[in-house]
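Hi everyone, thanks for coming. Today I'd like to walk you through one protein chain, a piece at a time. Have a look at it first, and then we'll start.

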Amino acid sequence: MSTGSSPSAAPTQASGRVAVVIEDDADIRNLLSAILTQAGFTCHASGTGAEGIDAVRTHQPIVTTLDISLPGIDGFEVARQIRAFSSTYIIMLSARDEEIDTLMGLDAGADDYLTKPFRPRELRARIEAMLRRYHLPGLTESGGPAPAATPAPAAASSAPAAAAEDDDEAGWLAHNGLRINEEMWLCDVDGSPVELTRSEFDLLLAIMQGARRVISKDALALELRGDYATTGYVSDSDKRAVEVHMANLRRKLNDPVGAPRFIETVRGVGYRLADARRSTARR
């Protein structure tokens with residue numbers, strides 16, 4: 001979901017389920033549009049990167065499918081440009097199945113990566129998993145009124161009291177000057193808004209709610225896939241995807257690995273909140 005203060009970044013209840021397909025192959029474009037329409041989305045399809053960027057800006061979609069091999073601007077650059085103004089959930093599609101291509105796609109701003117040929121059922125499952133993971137304001141998977149948000153499953157346990165304290169305002173978690181609000185999907189550091197992708201926000205929320213409890217890369221990978229309630233298989237590529245999202249998150253938070261203010265790496269295990277500091281700049 002959208003983070004930061006830009007009102008145009010988040011879909012509203014009036015817009016409902018909206019999707020954008022950016023694909024130059026007409027057959028695949030029609031297939032993707034059909035899959036998304038069957039899933040309950042109003043779908044807008046584009047055949048070039050430039051048209052796709054305009055479509056995302058105009059329609060503010062919840063989800064965007066993006067081909068890598070596009071005429072003119074390739075998918076990596078399209079993802080970067082979309083990320084400059086939107087936090088739509090980007091699923092990158094490509095016939096390239098090398099790990100480096102997956103990592104490049106995630107680093108460019110994609111949330112998920114699917115290789116061609118893909119099974120329509122798999123794409124549908126990934127989209128439904130994304131909708132389960134995120135509490136869209138005023139919108140549920142079926143398009144009806146949304147219930148109150150529940151804590152992220154990755155953080156649910158009988159762990160010791162959280163190090164991230166409740167903020168003065170309802171719904172905020174705060175730690176060392178970093179604040180996050182799951183209901184509004186906002187994040188700021190020392191009062192300045194931070195724009196995060198959906199996956200980056202999801203990782204940060206899980207760590208904030210987990211506090212000083214270490215959360216493994218496996219658990220975070222399952223959370224990103226929407227499989228947090230299962231013990232699904234986690235590949236090395238899944239773990240690398242978590243590392244890429246975490247590196248991008250740290251860069252946006254200005255949180256170096258060697259001297260973490262917010263997120264501490266527990267080598268060989270996972271991540272947790274860094275130690276609380278006595279005095280931090282507060283809003």
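Let's begin at strand 7. Trp172 and Ala174 point one way from this strand, while Leu173 and His175 point the other way, and all of them are buried. Before we go further, please keep in mind that this is a predicted model.

Now move along to the neighbour. Strand 7 covers residues 172-175, and it pairs with strand 8 in the antiparallel sense, over four bridges. You can find the partners by eye: Leu173 stands opposite Ile180 of strand 8, and Ala174 has Arg179 of strand 8 as its bridge partner. Between these two strands the hairpin has two residues, and Asn176 there takes a positive phi near 55°.

What about the side chains of strand 8, residues 178-181: which way do they point? Leu178 and Ile180 go one way, Arg179 and Asn181 go the other way, and all are buried.

Strand 8 has a partner on from there, too. It runs antiparallel to strand 9, residues 186-189, and four bridges join the two. Here Ile180 turns up again, standing opposite Cys187 in strand 9. So that we don't lose the thread, look at Ile180 once more: it faces Leu173 of strand 7 and Cys187 of strand 9. The hairpin of strand 8 and strand 9 has four residues between the strands, and Trp185 takes a positive phi near 55°.

Next, the helices. How do helix 6 and helix 8 pack, and at what angle? Helix 6 is residues 198-210, helix 8 is residues 236-253, and they pack at an angle of about 85° with their axes 9 Å apart. Angles from 65 to 115 degrees count as roughly perpendicular, and that is why helix 6 is described as roughly perpendicular to helix 8. On the helix 6 side, the contact is made by Ser199, Glu200, Leu203, Leu204 and Ile207. On the helix 8 side, the residues include Val242, His245, Met246 and Leu249. Sorted by type, the residues of this contact are seven nonpolar, three polar and two charged.

Let's pause on one of them, His245, which is found in helix 8. Is it buried or exposed? Buried means under 20% relative accessible area, and His245 is at 2%, so it counts as buried. Leaving out residues up to four places away in sequence, His245 touches Leu106, Ala110, Asp111, Ser199, Glu200, Leu203 and Leu224.

My last stop is Asp67, in strand 3, residues 63-67. UniProt, in an unreviewed entry, lists Asp67 for "modified residue: 4-aspartylphosphate". With a relative accessible area of 4%, Asp67 is buried as well. Among the residues that Asp67 touches, again not counting those up to four places away in sequence, are Glu23, Asp24, Ser94 and Lys116.

Finally, let's zoom out. The chain has eight helices and 13 strands, and buried residues make up 51% of its 283 residues. If you take contacts between residues at least 6 apart in sequence, 62% join residues at least 24 apart.

That's my tour, and I'm happy to take questions!

Conventions. Residues numbered from 1 in each chain as written. Predicted model: local features only at pLDDT ≥ 70, side-chain atom pairs only at ≥ 80, totals over all residues. Heavy atoms only, no water. Buried < 20%, exposed > 50% of the residue type's maximum accessible area, 1.4 Å probe, protein only. Pairing = 2+ DSSP bridges. Axes fitted to C-alpha atoms, helices over the stretch in contact; angles between N-to-C directions. Parallel < 35°, antiparallel > 145°, perpendicular 65-115°, else oblique. Contact = heavy atoms within 4.5 Å. Nonpolar A, V, L, I, M, F, W, Y, C, P; charged D, E, K, R; others polar. UniProt positions renumbered as here; feature names shortened; annotations may be inferred.
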